[in-house]
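Student: I should like to take a close look at one part of this protein. Could you please guide me through a single helix and what surrounds it?

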Amino acid sequence: MKKSFVVVAATIMVIGASAVSMAYEHHYDPYDGHGRHRGYSHERYDGYSGGCPGMRGVAALPADKQAELDKLTLEHEQALAPKAQELRAKRMELRALSGNSSIKRDDISQLAQQVAQLESDLRTSEMEFRDKVGVEYGVT
């Protein structure tokens with residue numbers, strides 16, 4: 001009886017741990033490569049491709065304006081790529097250090113502030129780009 005209880009409890013713990021792990025990997029974070037993508041989709045311009053809101057009004061643009069917008073979007077994403085990569089690296093470092101009891105709290109706090117600043121910089125750049133495109137192309 002006791003042995004079967006242990007087996008059942010261990011099975012439940014393994015299933016629970018794997019569910020938590022899978023849920024963590026599918027969180028929404030636009031800059032770490034997991035979850036939904038940001039921006040608008042190059043396949044569908046309906047504003048809700050891939051489960052996230054994109055730029056509305058792109059479908060109404062002529063093909064040449066859509067091509068210009070695609071080019072601008074690609075250039076913008078390439079310009080942000082190094083900062084996004086730095087953010088991913090800092091997040092991984094923060095996750096690794098957070099569980100280590102021998103690391104000073106000040107070091108973790110400083111790293112968390114760097115992550116927050118990078119997130120803020122990326123968000124500001126994204127909003128500025130969307131505002132610029134909104135004015136130039138009439139999309140939101």
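Tutor: The following account takes helix α2 as its subject and then turns to the parts that meet α2.

The model is a predicted one, and its confidence deserves a word at the outset. The average pLDDT of the protein is 76, and 67% of the residues score at least 70. Over residues 24-28 the pLDDT is below 50, and this stretch has eight contacts in the model beyond near neighbours in sequence. Residues 31-53 also stay under 50, with 54 contacts in the model beyond four places in sequence.

As for the overall plan, the protein has three helices and zero strands, so that the order of elements from the N terminus reads α-α-α. The protein comprises 140 residues, of which 25% count as buried. Among contacts between residues at least 6 apart in sequence, 58% join residues at least 24 apart.

Let us now consider the length of α2. This helix covers residues 63-98, which is 36 residues, and at 1.5 Å a residue it should span 52 Å. The C-alpha atoms at its ends are 49 Å apart, which agrees with that expectation. Along its course α2 has a kink of about 45° at A81, and the proline P82 comes shortly after this point.

Which residues of α2 are buried? They are Q66, L69, D70, T73, H76, L80, A84, L87, K90, R91 and L94. A general property of helices helps in reading such a list: an α-helix has 3.6 residues a turn, so residues three or four places apart point the same way. The cover over the buried residues of α2 includes α3, residues 105-137.

The partner helix may be described in the same manner. Helix α3 has 33 residues and reaches 47 Å between its first and last C-alpha atoms, close to the 48 Å expected at 1.5 Å a residue. Its buried residues are I108, L111, V115, L118, L122, E126, F129, V133 and Y137. The cover over these buried residues of α3 includes α2 in turn. After α3 comes G138, with a positive phi near 75°.

The nonpolar residues come next. The largest nonpolar core has nine residues: L80, A84, L87, L94, I108, L111, V115, L118 and L122. Both α2 and α3 supply at least two residues each to this core, and α3 gives the largest share, five residues. There is also a second, separate core of seven residues, which includes V58, L61, V133 and Y137.

A single residue, H76, offers a closer view of the contacts of α2. H76 belongs to helix α2 and counts as buried because its relative accessibility is 13%, where buried requires a value under 20%. Apart from neighbours within four places in sequence, H76 is in contact with S125, E126 and F129. Of these residues, E126 and F129 are among the buried residues of α3.

Charged side chains must also be considered. Side chains of opposite charge can pair when their charged atoms come close. How many salt bridges does the model contain? The count comes to two.

One of them joins the side chains of D121 and K83, at 3.5 Å from N to O. D121 lies in helix α3 and K83 in helix α2, so this pair ties together parts that are 38 residues apart in sequence. D121 is partly exposed at 24% relative accessibility, and K83 is likewise partly exposed, with a relative accessible area of 32%.

The other salt bridge is formed by E119 and R91, whose closest N and O atoms are 2.3 Å apart. This pair links distant parts of the chain, with E119 in helix α3 and R91 in helix α2, 28 residues apart. E119 counts as partly exposed at 21% relative accessibility, whereas R91 counts as buried at 10%.

One further residue of the partner helix may be noted. R130 has its place in helix α3 and is partly exposed, with a relative accessible area of 28%. R130 and T140 are 10 residues apart in sequence, and their C-alpha atoms are 7.1 Å apart in space.

To draw the account together, α2 meets α3 in several ways. Helix α3 is part of the cover over the buried residues of α2, and both helices contribute to the largest nonpolar core. The salt bridge of D121 and K83 joins the two helices, and the salt bridge of E119 and R91 links them as well.

Conventions:
Residues numbered from 1 in each chain as written. Predicted model: local features only at pLDDT ≥ 70, side-chain atom pairs only at ≥ 80, totals over all residues. Heavy atoms only, no water. Helix = DSSP H or I, 4+ residues; strand = E, 2+ residues; numbered from the N terminus. Expected span 1.5 Å × (residues − 1). Bend = angle between axes of the 7 residues up to and from the residue. Buried < 20%, exposed > 50% of the residue type's maximum accessible area, 1.4 Å probe, protein only. Contact = heavy atoms within 4.5 Å. pLDDT = per-residue confidence, 0-100. Salt bridge = Lys/Arg side-chain N within 4 Å of Asp/Glu carboxyl O. Core = buried A, V, L, I, M, F, W, Y, C linked by side-chain atoms within 4.5 Å.
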